[in-house]
Amino acid sequence: MKFAEAHALEKVEKWKSGRVEELKSLVVSLAKQGKESFFYFIKVKLSAKPTPLFHFSTSPLLLFRSEQQISICGNAGTRVSFPAIMDLKIAVLPGDYIGPEVMEATLPILEKALKKHGHTLEYSVHPVGGAGIDACGKALPDETLAACRAADAILFGSVGGPKWKDVPRNEQPERGALLPLRKNFELFANVRPGLLLPALMQSSPIAPARIPNGIDMVCIRELTGGIYFGQPKQTTTLPNGELEAVDTMRYRTSEIERITDVAIATARGRERKTICLVDKSNVLETSVLWNKIVTERVAALAPDVTLTHLLVDNAAMQLVANPGQFDVLLTENMFGDILSDEMAVVCGSLGMLSSASLGAQKNRYGFPFGLYEPSGGSAPDIAGQDKANPCAQILSAALMLRHSFGLHDVAAEIEAAVRATIDAGTRTADIAFGGNAVGTKAMAAAILEKI
Ligand code: IPM
Ligand code: MG
């Protein structure tokens, strides 16, 4: 990839000066020399769709052009991006308890990495969750929502905690901020990478013998449908005085199709290219529909991807019995909520797990608008003590660079800095295994130094 990247960069420079034919032949030679063929696309600024420049008859090679972003994409979904100068506009929502601490640790790292690659970062910080309630009387203040609308992506900390437990249910940080944000921006695809680093093997509760190859999986959870949002959703009093509550699990074809497409794209970017669909199709109608749509879609659009099936109870068991078997796990909203926490714990510390919630809308650069947050929550028990592990927040910022800006090189640099810091033995308490631990600030400083 390195050779191809350098070679291609040089050629792209030439293309910029009008020598399209040369680039065409580069694409062909890359296709011939590599194990996979390539196509190019170059993102169009301020437009959702890249503009095709020419198509090769030997599909799947395509070239797209614009001034902003240049990427080489393998037909297997891998991508190398060339950083044209980008000005990233981000809404930063630190939230509650450890949220502001890990956010403060992250921003200098993000800024330094972007600057090093010639990009600029413009961000504004806004209250959300309990902080929103305290500052503006509302978990998702109007100005916070407006700032998110004006941004290319949202970098989110964590919300909720005991301080706001007496606030009316629907106004609490989780129900009042996180769920409305998901719904407002149609963040339908929750991508949670479950990666157990070799250096952190001990942090997994799973016996090492069961995970000889570690864990490297991704949970793709549908996030704006199902029982979280389905109507009716209410509590009523029956004629005999009993209370009755109802939640509704509802899914339609288009909702299942678009999340399946995210799973296919994710699987294609990975070695094993395998999707495991998790459902309860021996009981639930919605699961029968999921099963039908996903099976048909993968067969029609992705014959190169292997699809396997597990019932959700069995999947919960397999995740502890043999987590290494999973590559891409695809599932509906509530199953994904539960299984992604299980995945988090088998992968060791919650303090290491990032997540991306990708929207149906595109940002100014034509990439998905998204919300990026650590999976671990606001951790009130360790808040304000400089104890929280900032890695999940830092890795979430890296995910943002990948998904919402296509800046894979910058993201990779941040991810490598996190790994190198951990490998060098600098650890927060949650991943120190009783050894010397550093605080949030020192951990972040060590990572910053490696950029
Ligand atoms: C998550 C969380 C949320 C969810 C809560 C806080 C509403 O558990 O992001 O997984 O259930 O989706
Ligand atoms: Mg959850």
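In the predicted model, Asp279 touches Ser287, Asn291, Leu310, Leu311, Val312 and Phe335, when residues up to four places away in sequence are not counted. The residue is found in strand 13, which covers residues 274–279. Asp279 is buried and yet has no salt bridge, the nearest side chain of opposite charge being that of Lys280, 8.4 Å away. A polar contact is nevertheless present, in which the side chain of Asp279 meets the side chain of Ser281 at 2.9 Å.

Lys280, for its part, forms a salt bridge with Asp313, and the closest N and O atoms of this pair are 3.4 Å apart. The pair links distant parts of the chain, since Lys280 is in the loop between strand 13 and helix 8 (285–301), whereas Asp313 is in helix 9 (residues 312–321), 33 residues apart. Lys280 counts as buried because its relative accessibility is 19%, which falls under the 20% limit for that class. Asp313, by contrast, is partly exposed, with a relative accessible area of 46%.

A search of the whole structure finds 18 salt bridges. Among them is the pair of Lys233 and Asp247, with the closest N and O atoms 2.9 Å apart. Because Lys233 lies in strand 11 and Asp247 in strand 12 (residues 243–248), this pair ties together parts that are 14 residues apart in sequence. Both partners count as partly exposed, Lys233 at 37% relative accessibility and Asp247 at 46%. Asp142 also forms a salt bridge, with Lys138, and here the closest N and O atoms are 2.8 Å apart. In this pair Asp142 counts as exposed, at 53% relative accessibility, while Lys138 is partly exposed, with a relative accessible area of 38%. In addition, Asp87, Asp152 and Arg364 are linked in a network of salt bridges.

Strand 11, which covers residues 230–237, also holds Gln234. Leaving aside neighbours within four places in sequence, Gln234 is in contact with Glu244, Ala245 and Val246. The C-alpha atoms of Gln234 and Glu244 are separated by 8.3 Å, the two residues being 10 apart along the chain. Gln234 is partly exposed, with a relative accessible area of 42%.

Turning to the nonpolar interior, the largest nonpolar core has 85 residues, and those with the most contacts inside it are Leu110, Ile275 and Leu401. Helix 11 (residues 391–405) supplies the largest share of this core, 9 residues. Beyond its neighbours within four places in sequence, Leu110 is in contact with Ile90, Leu121, Leu155, Ala397, Met400, Leu401 and Ile414. A second, separate core of 21 residues includes Leu140, Leu145, Ile154 and Trp164.

At the level of the protein, the secondary structure comes to 13 helices and 17 strands, and buried residues make up 52% of the 451 residues. Among contacts between residues at least 6 apart in sequence, 72% join residues at least 24 apart. The average pLDDT is 84, and 81% of the residues score at least 70. The score stays under 50 over residues 1–7, for which the model has 10 contacts beyond four places in sequence. It likewise stays under 50 over residues 11–24, where the model has 22 such contacts.

Terms used: Residues numbered from 1 in each chain as written. Chains lettered and ligands numbered in written order. Predicted model: local features only at pLDDT ≥ 70, side-chain atom pairs only at ≥ 80, totals over all residues. Heavy atoms only, no water. Helix = DSSP H or I, 4+ residues; strand = E, 2+ residues; numbered from the N terminus. Buried < 20%, exposed > 50% of the residue type's maximum accessible area, 1.4 Å probe, protein only. Lys, Arg positive; Asp, Glu negative; His and termini not counted. Salt bridge = Lys/Arg side-chain N within 4 Å of Asp/Glu carboxyl O. Polar contact = N/O pair within 3.5 Å; in protein donor to acceptor, adjacent residues only side chain to side chain. Contact = heavy atoms within 4.5 Å. pLDDT = per-residue confidence, 0-100. Core = buried A, V, L, I, M, F, W, Y, C linked by side-chain atoms within 4.5 Å.
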